[in-house]
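Reader: Could you walk me through the structure below, step by step, and explain the terms as we go?
Author: Gladly, and please stop me whenever a term needs explaining.

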Amino acid sequence: MRVVHDPEGASRVLATNVHTADSMLSKSKGLMFRRSIPDDYALVFRFEPSWPFGAVRRRVIHMLFVRFPTDVVWLADGEVRKVRTMRPWRSIDYAKADTVIELPEGGADGVAVGDTVVVES
């Protein structure tokens with residue numbers, strides 16, 4: 001599995017060591033309590049469309065109990081909605097998204113709102 005940034009056909013791999021947070025517990029825990037993550041790492045949170053009518057909801061990411069900075073990318077249908085570097089212990093942010101990707105700080109350099117990011121199997 002890998003995460004690929006594809007701005008206008010110029011593909012670039014953001015991560016090759018990709019894990020998914022697919023249970024409620026793993027989504028709640030995220031990167032909390034870890035000491036670090038590898039440079040090629042990504043944690044992917046996928047969310048089901050909400051009722052009614054498959055609406056895309058706001059997804060909140062916080063950095064409580066996370067000891068290192070991360071880059072967070074919020075996606076809706078593969079399109080980047082927001083990108084932010086989050087600081088350990090004190091950052092919180094949100095955006096409407098069906099997928100959220102956490103990367104090491106600097107992992108989302110060059111990724112901009114409107115770009116395409118794909119999680120490949």
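**A cluster of rings, two sheets and a pocket**

Author: Ring pairs link Phe33, Phe65 and Trp89 into a cluster. Here rings of Phe, Tyr and Trp (its six-membered ring) pair if their centres lie within 6.5 Å, and planes under 30 degrees apart count as stacked, over 60 as edge-to-face and the rest as tilted. Please keep in mind that this is a predicted model, in which local features need pLDDT of at least 70 and side-chain atom pairs count only at pLDDT 80 or more, while totals for chains, interfaces and linings use all residues. Residues are numbered from 1 along each chain as its sequence is written, and side-chain values use heavy atoms, with hydrogens and water left out.

Reader: How many aromatic pairs does that rule give?
Author: The count comes to 2 aromatic pairs. In one of them, phenylalanine 65 and tryptophan 89 meet edge-to-face, with 5.1 Å from centre to centre and 65° between the planes.

Reader: Which parts does that pair tie together?
Author: Phenylalanine 65 lies in the loop between S5 and strand S6 (70–76), and tryptophan 89 lies in the loop between strand S7 (79–86) and strand S8 (92–96), so the pair ties together parts that are 24 residues apart in sequence. Helices (H or I, at least four residues) and strands (E, at least two) are DSSP runs, numbered from the N terminus.

Reader: And is phenylalanine 65 buried or exposed?
Author: Phenylalanine 65 is partly exposed, with a relative accessible area of 35%, and tryptophan 89 is partly exposed too, with 47%. Buried means under 20% relative accessible area, exposed over 50%, and partly exposed in between (1.4 Å probe, protein chains only).

Reader: OK, new topic: what order do the strands take in the sheet of 5?
Author: That open sheet has the order S3-S4-S9-S6-S7, with mixed pairing; two strands pair if DSSP finds at least two bridges between them. Strand S3 (17–21) and S7 stand at the edges with a single partner strand each, so one side of each is left without a neighbour in the sheet.

Reader: Which strands pair in the parallel sense, then?
Author: S3 and S4 do, over 5 bridges, and valine 18 has alanine 42 in S4 as its bridge partner. S6 and strand S9 (residues 99–104), on the other hand, pair in the antiparallel sense over 6 bridges, with valine 100 in S9 as the bridge partner of tryptophan 74.

Reader: How many residues of strand S4 are buried?
Author: In strand S4 (residues 41–46), 5 of the 6 residues are buried, so the strand is largely enclosed by the rest of the structure.

Reader: What about the sheet of 3 strands?
Author: That one is also an open sheet, with the order S2-S1-S10 and antiparallel pairing. Within this sheet, 3 bridges join strand S1 (residues 2–5) to S2, and histidine 5 stands opposite arginine 12 in S2.

Reader: One last thing: which residues of the lining are closest to the centre of the largest pocket?
Author: Of the 15 residues that line the largest pocket, the closest to its centre are Lys27, Ser28, Phe45, Val60 and Ile61. On a 1 Å grid over the protein atoms alone, a pocket is an open set of points where a 1.4 Å probe fits, with protein on both sides within 12 Å along at least five of seven lines, and lining residues have an atom within 4 Å of a point. Helix H1 (24–29) and strand S5 (58–62) each supply at least two residues of that lining.
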